[in-house]
Amino acid sequence: MKKFNKLHIFSLLLCTAGTLTSFSSIAFQQPGKITAGSDMTFFPYEYMENNQPAGFDIELLAGLAKTLGREAVNIDTRFPNLIPGLQGGRFDITNSSMYITAERLKVIDMVPYLKSGESILALKGRDYQPKIPEDFCGHKIGSMGATSWLAQLQKLSVEYCVKKGLKPIALSEYPTDPQTTQAMLSGAVEAQITDAAVARGVIDKLGDRVVISSETLIYPVLNGFGVKKGNAEVKTALEEGLKKFSATPEYLTLLKKYNFQPPTEEDIKTLMPKVE
């Protein structure tokens with residue numbers, strides 16, 4: 001057996017420490033920055049304005065990063081590609097009004113920062129004005145792809161519509177939310193389901209052509225940052241940054257600007273999915 005003297009052992013320890021340090025340092029893609037993947041087509045959360053990222057999520061991350069002494073870097077990525085991009089190391093986090101679901105928590109870690117839900121958009125003046133998802137039976141409904149409510153609607157179609165002897169829901173998926181709205185305007189679908197805040201944004205822009213036909217928040221849920229599974233350094237940094245930023249006047253101003261409400265402890269307790 002090969003013998004090791006004390007100097008050799010000390011050298012090995014130094015190398016091991018250096019290796020551990022290097023592994024820790026790559027938890028973030030770039031020193032001093034937080035790189036985020038966002039689908040910049042989801043007004044008012046994240047969108048492009050004058051060729052620059054804008055919206056609630058963008059401003060929230062900028063403020064959070066600042067409290068950590070970091071700079072937020074945003075990479076525009078279509079929603080279905082966000083989780084694969086995160087898992088593949090393209091960015092540190094997802095910051096794209098992503099709903100926290102049990103299915104997502106199985107593949108990524110998530111940090112809640114907002115309470116949300118869905119609304120239904122319909123064409124103004126048309127007879128079809130769905131109030132709740134159960135009204136979708138037998139109708140053509142549009143949605144952005146890869147959203148959490150698609151699975152809920154597919155289940156509703158089978159377990160409610162079909163069992164009631166009604167026609168199933170005809171769901172059409174589109175790459176972005178604006179494309180879904182355009183499909184409704186062109187008559188390709190009869191109604192659109194989308195995030196409640198996004199629906200309000202559509203009304204601000206197209207209120208003479210569309211209405212929010214639903215009267216209550218549909219499928220209440222938490223929005224969260226996505227973090228690669230097991231990346232404790234980034235997850236802890238987000239939690240600490242969010243805690244620090246939420247105690248600032250800038251945070252309160254941001255919430256007021258977008259008319260958003262942070263989740264209460266009870267919301268998190270009630271709405272945070274349990275992963276089996």
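Begin by selecting helix 5, where 14 residues at 1.5 Å a residue should span 20 Å; the end C-alpha atoms are 18 Å apart, which agrees. The coordinates on display belong to a predicted model.

**Helix 5**

Keep helix 5 selected and centre the view on Leu156, where the helix bends by about 30 degrees. Next, colour the buried residues of this helix: Trp149, Leu150, Leu153, Leu156, Ser157 and Cys161. Leu156 thus appears both at the bend and in the buried set. For the pattern of such positions, one general point is useful: an α-helix has 3.6 residues a turn, so residues three or four places apart point the same way.

What lies over these buried residues? The cover includes strand 6 (93-99), strand 7, strand 8, strand 9 (170-174), strand 10 (191-195) and strand 12 (218-228). Display these strands together with helix 5 before proceeding.

**The disulfide**

From the buried set, select Cys161, then add Cys137: a disulfide joins the two, with an S to S distance of 2.0 Å. Cys137 lies in the loop between strand 7 (108-123) and strand 8 (140-144), and Cys161 in helix 5 (residues 149-162), so the pair ties together parts that are 24 residues apart in sequence. The count for the structure is one disulfide. A disulfide is a covalent bond between the sulfur atoms of two cysteines.

Which hand does this disulfide have? The torsion about the S-S bond of Cys137 and Cys161 is about -75 degrees, so the disulfide is left-handed. With a surface displayed, Cys137 and Cys161 are both found to be buried.

**Strand 1 and Ser38**

Move now to strand 1 (residues 33-38) and select Ser38. Is Ser38 buried or exposed? Its relative accessibility is 0%, and it therefore counts as buried. Expand the selection to its contacts, leaving aside residues up to four places away in sequence: Ser38 touches Glu46, Ile58, Asn74, Ile75, Asp76, Thr77, Leu82, Asn95 and Ser96. Retain Asp76 from this list for the next stop, which concerns charged side chains.

**A network of salt bridges**

How many salt bridges does the structure hold? There are seven. Select Asp39 and Arg78, whose side chains meet in a salt bridge at 3.0 Å, N to O. Asp39 lies in the loop between strand 1 and strand 2 (41-42), and Arg78 in the loop between strand 5 (71-76) and helix 3 (82-87), so the pair ties together parts that are 39 residues apart in sequence.

Add Asp76, whose side chain meets that of Arg78 in a salt bridge at 2.6 Å, N to O. Salt bridges that share partners join Asp39, Asp76 and Arg78 into one network. The accessibility of each member can then be inspected in turn. Asp39 counts as buried at 1% relative accessibility, Arg78 is partly exposed with a relative accessible area of 28%, and Asp76 is partly exposed at 37%.

**Helix 9 to helix 2**

For the final stop, select Lys257 and Glu59, which form a salt bridge with their closest N and O atoms 2.8 Å apart. Lys257 lies in helix 9 (residues 249-258) and Glu59 in helix 2 (residues 56-67), so the pair ties together parts that are 198 residues apart in sequence. Lys257 counts as exposed, at 56% relative accessibility, while Glu59 counts as partly exposed, at 30%.

Conventions
Residues numbered from 1 in each chain as written. Predicted model: local features only at pLDDT ≥ 70, side-chain atom pairs only at ≥ 80, totals over all residues. Heavy atoms only, no water. Disulfide = S-S within 2.5 Å. Helix = DSSP H or I, 4+ residues; strand = E, 2+ residues; numbered from the N terminus. Buried < 20%, exposed > 50% of the residue type's maximum accessible area, 1.4 Å probe, protein only. Contact = heavy atoms within 4.5 Å. Expected span 1.5 Å × (residues − 1). Bend = angle between axes of the 7 residues up to and from the residue. Salt bridge = Lys/Arg side-chain N within 4 Å of Asp/Glu carboxyl O.
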